[in-house]
Every structure is written in C-alpha cells, then in structure tokens.
Amino acid sequence: MITAEHFRRIAYWSRDLEHGEFERARAGIIEKTYQRGAYICHRGDEMEHWTGLVSGLVKVSTASLSGKSVSLAGMRACGWFGEGSVLKGEARQYDLVALRDTRLALMNRATFLWLFDNSVAFNRFLVWQLNARLGQFIALVEYDRSLEGKARLARTIAWLFHPTLYPDAGAKLDITQEEIGLLSGLSRQVTNKSVAELQDEKLIEADRESITVRDLDALRRYGE
DNA sequence: TCATTAAGCGTTG
DNA sequence: CAACGCTTAATGA
C-alpha cells in the first residue's frame, strides 16, 4: 500500500478528505509502471480503475475511421482521469498512450464508488474537474477545425497548465518538443517552428526539455 | 505544382 | 546520449 505522504503528494484532492475517507482511498490504490510508447489502454477496454498520473506523460487519443490516430489531450503528473468510464461502468472511450516512462496510481472501482457515495470533498473535486474539462472541450470543439498548428500547440500547452486540473504545478513543465508535438498531433517541424514563434510572442519560454508559461490566458484563447 | 511530413544526420548541451 | 534543428526524399492535395 502507498504511504500517506505519497498519497498526499500524488493526489492533492486527498488533502481535503476526512481521515476515514483518506485511509479508505489510500487502501484502494496500487501503482503500476508503463514503458515509453506502451498503450495503457485501448478504446473499448473495460475500465475498472480510476487513474492518477504519478509521473510521466500520457496522451489521450482516438483512432479516426481511416485508422489515423487523432490526439485529444495530454495528461501530466498529478492528473486524475477515467471517472466517466468508472462511474458509468462503461468501456473506455479513448486510447491512452504513455509518451515516456510513466507511473500510474490505480484506484479500484469499489473504492471510487464508495468515495462517490460517502465523501463530500471527493464529490466537490469531481465536479470541479469535470467542469474544467468541459470548458476546455467546448473551446476545442468550437475552434479546433479552423485552428492551424500553432494554435493547436498553444492550446495543448494551456491544457497542461490548467490551474484546476493541476493546482500544484508551477509555470514550468519538463517536456521535449517531440512530446508536445505528439500531444498536439503535429509534426516535429511544425512543432519546432510554432514553439519558436510562441516564444517570440512572449507567451512561453522554451528551453531544452522544458517549457515555461508566460501568458496562460493568451495561450488558452490563441487563434480565436 | 506546392505544401507537408517522416527519416536521416550532424550539432549541441 | 538524447534533444534539437536542418536537409532530403516521398507523399498527397
């Protein structure tokens, strides 16, 4: 079983739980590692766990009818996902791919449902998170078709710095250009050029293996 | 034809 | 050694 300290670190929402809830949640979690490039799950898999990202980077994608993979979102450490499938007892709607070596925390469904039935703090977290995601996906649907590469990249970066989804995250994220490209669904060339331009526009600062956000608001609405 | 990208490779930190 | 950025050849709209 994971330690209480570790649990608090990987799941900031656990800090709001009452003691009994906290212990129950902690007991229902195990961890698992995935190698870079590995599929965590495929669309259609049964989802018996609610999942937290301990370390690493995960891409949420789906295959189009023609078989081409379409990237939907990226997840960074401390993100928790899959509550939709777990709640409904439904199959996963998307593919999850580890873009680098990744460690996941898996909460079994019974524990999740118990928290859902018993913990006010837990439900508060779920509502906040669902609401944050909903807003972003609406923005995505509204603009994505017309967005060129640079704007898609800007929004992907904004995702990864969402204050509700990642409250403890600073302004800096360790990520390579190739990885952001994969998350945004862009080639390395376009990614490289877009990163340079966003940097010129003073929205981000790009170093080797990291990105620092300077203007999150502007990134979020880029291309509108 | 023109634009885009995957692949290869030299450079750099 | 891996990330970066450039060149090139293939692809396809």
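In strand S8, Ala105 is the bridge partner of Glu31, and this pair offers a way into the structure, which is a predicted model. Strand S1 (29-34) and strand S8 (residues 102-108) pair in the antiparallel sense over 6 bridges. They belong to an open sheet of 4 strands, in which the pairing is antiparallel and the order is S1-S8-S3-S6. At the edges of this sheet stand S1 and strand S6 (80-81), each of which pairs on one side only.

Towards the beginning of the chain, Ser14 lies in the loop that joins helix H1 (4-10) to helix H2 (19-27). Is Ser14 buried or exposed? Ser14 counts as buried because its relative accessible area is 1%, which falls under the 20% limit for that class. Leaving aside neighbours within four places in sequence, the residues in contact with Ser14 are Phe7, Arg8 and Phe22.

The report now turns to the nonpolar cores. In soluble globular proteins, nonpolar side chains tend to be buried together. The largest nonpolar core of this model has 23 residues, and those with the most contacts inside it are Leu153, Ile157, Ile175, Ile180, Leu198, Ile204 and Leu219. Two or more residues are given to this core by each of helix H6 (149-160), H7, H8, strand S10 (204-207) and strand S11 (210-213), with H6 giving the most, namely 6 residues. Apart from this core lies another, of 22 residues, which includes Phe22, Ile29, Val54 and Ala121.

Ile180 can be followed in further detail, since a helix and a set of contacts are both recorded for this residue. Within helix H7 (residues 177-184), Ile180 is buried, as are Glu179, Gly181, Leu183 and Ser184. When its neighbours within four places in sequence are left aside, Ile180 is in contact with Leu153, Ile157, Ile175, Val195 and Ile211. Just after H7 comes Gly185, which takes a positive phi of about 75 degrees.

Two DNA strands accompany the protein. Around DNA strand C are Thr176, Gln177, Arg188, Gln189, Asn192, Arg208 and Glu209, and sugar and phosphate make up 52% of the atoms of this strand that come within 4 Å of the protein. Helix H8 (residues 188-200) provides the largest share of the surface near DNA strand C, with 3 residues. By class, that surface has no nonpolar residues, 4 polar ones and 3 charged ones.

DNA strand B is surrounded by Ser187, Arg188, Gln189, Val190 and Arg208. Of the atoms of DNA strand B within 4 Å of the protein, 24% belong to sugar or phosphate, while the rest belong to bases. The surface near DNA strand B divides into 1 nonpolar, 2 polar and 2 charged residues.

The table sets out polar contacts between the protein and the two strands.

| Residue and atom | DNA strand and atom | Distance |
|---|---|---|
| Arg188, side-chain N or O | DNA strand C, base oxygen | 2.2 Å |
| Arg208, polar side-chain atom | DNA strand C, sugar or linking oxygen | 3.3 Å |
| Glu209, polar backbone atom | DNA strand C, phosphate oxygen | 3.1 Å |
| Ser187, polar side-chain atom | DNA strand B, phosphate oxygen | 3.4 Å |
| Gln189, polar side-chain atom | DNA strand B, base nitrogen | 2.3 Å |

On DNA strand C, the side chain of Arg188 is thus paired with a base oxygen, whereas Glu209 comes to a phosphate oxygen with a backbone atom. On DNA strand B, the side chain of Gln189 lies by a base nitrogen, and that of Ser187 by a phosphate oxygen.

Notes:
Residues are numbered from 1 along each chain as its sequence is written. Chains are lettered from A and ligands numbered from 1 in the order in which they are written. This is a predicted model: local features need pLDDT of at least 70, side-chain atom pairs count only at pLDDT 80 or more; totals for chains, interfaces and linings use all residues. Side-chain values use heavy atoms; hydrogens and water are left out. A residue is near a molecule or strand if one of its heavy atoms lies within 4 Å of it. A polar contact is a pair of N or O atoms within 3.5 Å; within protein, one must be able to donate a hydrogen and the other to accept it, and residues adjacent in sequence count only if both atoms are side-chain atoms. Ala, Val, Leu, Ile, Met, Phe, Trp, Tyr, Cys and Pro count as nonpolar, Asp, Glu, Lys and Arg as charged, and the others, Gly among them, as polar. Buried means under 20% relative accessible area, exposed over 50%, partly exposed in between (1.4 Å probe, protein chains only). A nonpolar core is a set of buried Ala, Val, Leu, Ile, Met, Phe, Trp, Tyr and Cys residues joined through side-chain atoms within 4.5 Å. Contact means heavy atoms within 4.5 Å. Two strands pair if DSSP finds at least two bridges between them.
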